[in-house]
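Work through these exercises with the structure open. Each task is followed by a solution in steps.

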Amino acid sequence: MPTAGTRAWTWTYEGYDANAERLRETLCALGNGYFVTRGAACEVLSGPAHYPGTYAAGCYNRLTSTVAGRAVENEDMVNLPNWLPLRYRILPSDAGPGPWLHPGHAHLTAHRQTLDLRHGTLSRSSVYEDEDGRRLTVEQRRLVHMSEPHLALQRTSFTAEGWAGEVEVESCLDGAVRNTGVARYRGLADQHLRGWETGAEGADTVWLSCRTVDSDIRIALAERIRATPGRGVTPRPRLTVLRAAHALTLPLAPGATAVVDKTVALYTSRDPAIESPRHAAVDCVVQAAHFRQLLASHRRAWENLWRQAKLEVPGDAGRILRLHLFHVLQTLSPHTAELDVGVPARGLHGEAYRGHVFWDELFVLPFLNLHLPQVSRALLTYRYRRLPAACHAAAQAGRAGAMYPWQSAGDGREETQELHLNPRSGRWLPDFSRLQHHVGSAIAYNVWQYGQASGDTEFLHTRGAEMLLQIARFWASAALWDPVLGRYRIRGVVGPDEYHDGYPGAAEPGVDDNAYTNVTAAWVLVRALELCHTLPEAHRRQLYERIELTPDEPERWEDVSRLLHVPYHQGVISQFAGYQDLAELDWDGYRQRYGDIRRLDRILEAEGDTVNHYQASKQADVLMLGYLFSPAELATVFRRLGCPLDDDIWRDTVDYYLRRTSHGSTLSALVHAWVLARVHRPDAWTYCEEALTGDVADVQGGTTAEGIHLGAMAGTLDLVQRGLTGLETRDRTLWLDPAPLPQLSKFAVRIRFRQHWDIDLRIHAEQVRIAVPESENAAVRVRLRERSFGIAPGTTRRLDLPDP
Ligand code: BGC
């Protein structure tokens, strides 16, 4: 956790700690939705403590590696050339130059870095003192521009404390990078770039271009270097095959400060309206304004964003939530709306999960819908463009409709690795997580939620409906009639708890009747039927023709949506058929033996056992239903399925799985916090705290250094926004059913709902206050528990919260 000096809008790390550096690099990353750069030191190129990384959204490349004697392909988000490097040393007048200085050097006497969330800048400050007592203070301000998506800047100031001399500075664009950020992937092919070229344009601008090996994306960066005072300081370009650099010598007078501004542009051949990435990058830095002007426009862009995504929570929780919001907005910003990209599970902050897109968007879009709906729409459009790939995958599997991949990247084919490494045992094991077909329901859910929250019927009735119907079609074809049960069954799947990828000793992978999969599939089928009934005639006709829907299909959907099997045992919903037959794990024994047992799968496999033998889940699975659906909506789905669900069953189900979950995913604590808060359980806060500290305290032991957990970060924001307020957007109405936690009972959010741009929602102990600004042109319809009312523009409504 950051040390002293941390304020509500800043995040400060005092001192240099090589062991914590990679975690700090992730948490201090800067970005703008187009690209993100880790908050690495600029003084060293790389090394055990440092992992500079720059990633452009949607820039992937595929390589083949040999693993356990097999050729395997992996598509990775590519680590692009590093634009940060800038090193410096004191030049003595008589002897040779001093050592290159960096925060790990013995001459360092003080170091601090501060992330300013409000303004989107990273400040680094270092003080060095050499054997001759010469103190050099180096202050740096870095930003990745929020309104000029291709630009990044780094201003570095050098002050000689009481001595005169020179400082030599070397800045470069470093093309000698690989994807080596994740220890587990070492040994796999990692050289994604080739064809480097470098050049200079005049004295102050150099460029570096290259291309990805297989996807053939051309990438170019240009850097402009300017010194102040600039008289007599001329940058000297230095070009090698892999590096485009500048050297300059700064004269320093006692107490005076010399400044070096590094302005960088990054373009790829995926960008619209350019002729070549190299020309675009060079032109961009040549024409770029002065640091001060660019800082001002960057700050304005951030102010605007903070206004659109206002979330005020007091205290420590509020500080962490602001950091989460900052990273969500850096990964998915208004620029994302112009890109063909999905939601990368680990942000654009590191190489874990190879920048792939999972179901995690389920935890992200509901938050974005109410602030930046155009971004949600773009993220759904990423899925729509890959609908043909999903239909192809379904056909290959002998199914109808669309089978979306568990892991998606460039073209929407299944990118889940076939083998994964257990770092504990060193063994490569088959990976069946691709059987998590429930990802399709997450997409359908997001389509529906987006439509409800934004009122964007143009999307919902065309692309949205097409995806939703194709996903429904997939479920209907995956559901097979079991005459003995008198029910439809979906067999051979993996639920959200990916520890259970098969029955002990079974020849085929997968489990049967996963309750989460089946209930969400039933929900998707119902929504598809609803769309069939409500689509405007012209849209319906076009859509039916396009996907060649036959009249008997909706009939079957009707049937399947009523008769999917949901298993139960001991009065609780079973995670899947036969869960109750698995052995009970000796939880206390394992905790005593290993301490942290979040990754129980790895522990057991290393012991020669498998988690498939036990009633032990990685993360919320059945309980996800309480995360996605309000009690009323869940009750409706269960009623339709003819399956029992009342408060007692739900409470017992929550208790049952709570005792059998290891929380091996950051999503788990989040979902548990949400579900427990909704049933007013005092232990909700424990999970809430774990969800809040997931990344800042690196709860999953070293994983944050490899990238943020975007789903959990956005999910904690949504926990306040929708979880604790009970907010739903149905029937053109804002439904509220607040369930604040005692520790989180005072907060405010500003949301955008359909045509309403700024609705202020404030919860304060036992009161809820809803304000609709004068500028709105219609009343907002609200339903709070049993009461319905409209709130006219320019009015505020205060309501006491009845006891739950
Ligand atoms: C979780 C998945 C999640 C993935 C990416 C895994 O550890 O089990 O639910 O989608 O991480 O965040």
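**Exercise 1. Polar contacts of the ligand**

How many Å is an oxygen atom of the ligand from an N or O atom in the side chain of Trp359?

Solution. This is a predicted model, so the distance is computed from predicted positions. Step 1: go to the side chain of Trp359 and find its N or O atom; an oxygen atom of the ligand is 2.9 Å away. Step 2: repeat this for Asp360, where the separation from a ligand oxygen is 2.6 Å. Step 3: turn to Tyr353, which has a polar side-chain atom 3.0 Å from an oxygen of the ligand. Step 4: check the cover. The ligand alone exposes 310 Å², and the protein buries 94% of that.

**Exercise 2. Ligand surroundings and the ring cluster**

List the residues that surround the ligand. Then find the cluster linked by ring pairs.

Solution. Step 1: the surrounding residues include Tyr353, Phe358, Trp359 and Trp406. Asp360, Glu498, Lys618 and Gln619 are also among them, as are Ala345, Ser665 and Leu667. Step 2: ring pairs join Tyr353, Phe358, Trp359, Phe363, Trp406, Tyr516, Tyr627 and Trp674 into a cluster.

**Exercise 3. Classify two aromatic pairs**

The structure holds 24 aromatic pairs. Is the pair of Tyr445 and Trp523 stacked, tilted or edge-to-face?

Solution. Step 1: take the centre distance and the plane angle, as a ring pair is described by these two values. Step 2: for Tyr445 and Trp523 the centres are 5.5 Å apart and the planes meet at 45 degrees, so the pair is tilted. Step 3: place the partners. Tyr445 sits in helix 8 (residues 439-454) and Trp523 in helix 10 (residues 515-534). The pair links distant parts of the chain, 78 residues apart. Both Tyr445 and Trp523 are buried. Step 4: now take Tyr656 and Tyr657. Their centres are 5.1 Å apart, with 70 degrees between the planes, and this pair is edge-to-face.

**Exercise 4. Tyr656 and its surroundings**

Is Tyr656 buried or exposed? Which residue lies over its face?

Solution. Step 1: Tyr656 has 5% relative accessibility, so this residue counts as buried. Step 2: its ring partner Tyr657 has 3% and therefore also counts as buried. Step 3: look over the face of Tyr656; Arg660 lies there, 3.6 Å from the ring centre. Step 4: find another such arrangement at Tyr590, where Arg593 lies over the face at 4.7 Å from the ring centre.

Definitions and conventions:
Residues are numbered from 1 along each chain as its sequence is written. This is a predicted model: local features need pLDDT of at least 70, side-chain atom pairs count only at pLDDT 80 or more; totals for chains, interfaces and linings use all residues. Side-chain values use heavy atoms; hydrogens and water are left out. Rings of Phe, Tyr and Trp (its six-membered ring) pair if their centres lie within 6.5 Å; planes under 30 degrees apart count as stacked, over 60 as edge-to-face and the rest as tilted. Helices (H or I, at least four residues) and strands (E, at least two) are DSSP runs, numbered from the N terminus. Buried means under 20% relative accessible area, exposed over 50%, partly exposed in between (1.4 Å probe, protein chains only). A charge sits over a ring if NZ of Lys or CZ of Arg is within 6 Å of the ring centre and within 35 degrees of the ring normal. A residue is near a molecule or strand if one of its heavy atoms lies within 4 Å of it. A polar contact is a pair of N or O atoms within 3.5 Å; within protein, one must be able to donate a hydrogen and the other to accept it, and residues adjacent in sequence count only if both atoms are side-chain atoms. Accessible areas come from the Shrake-Rupley method with a 1.4 Å probe; for residues, only the protein chains shown count as cover.
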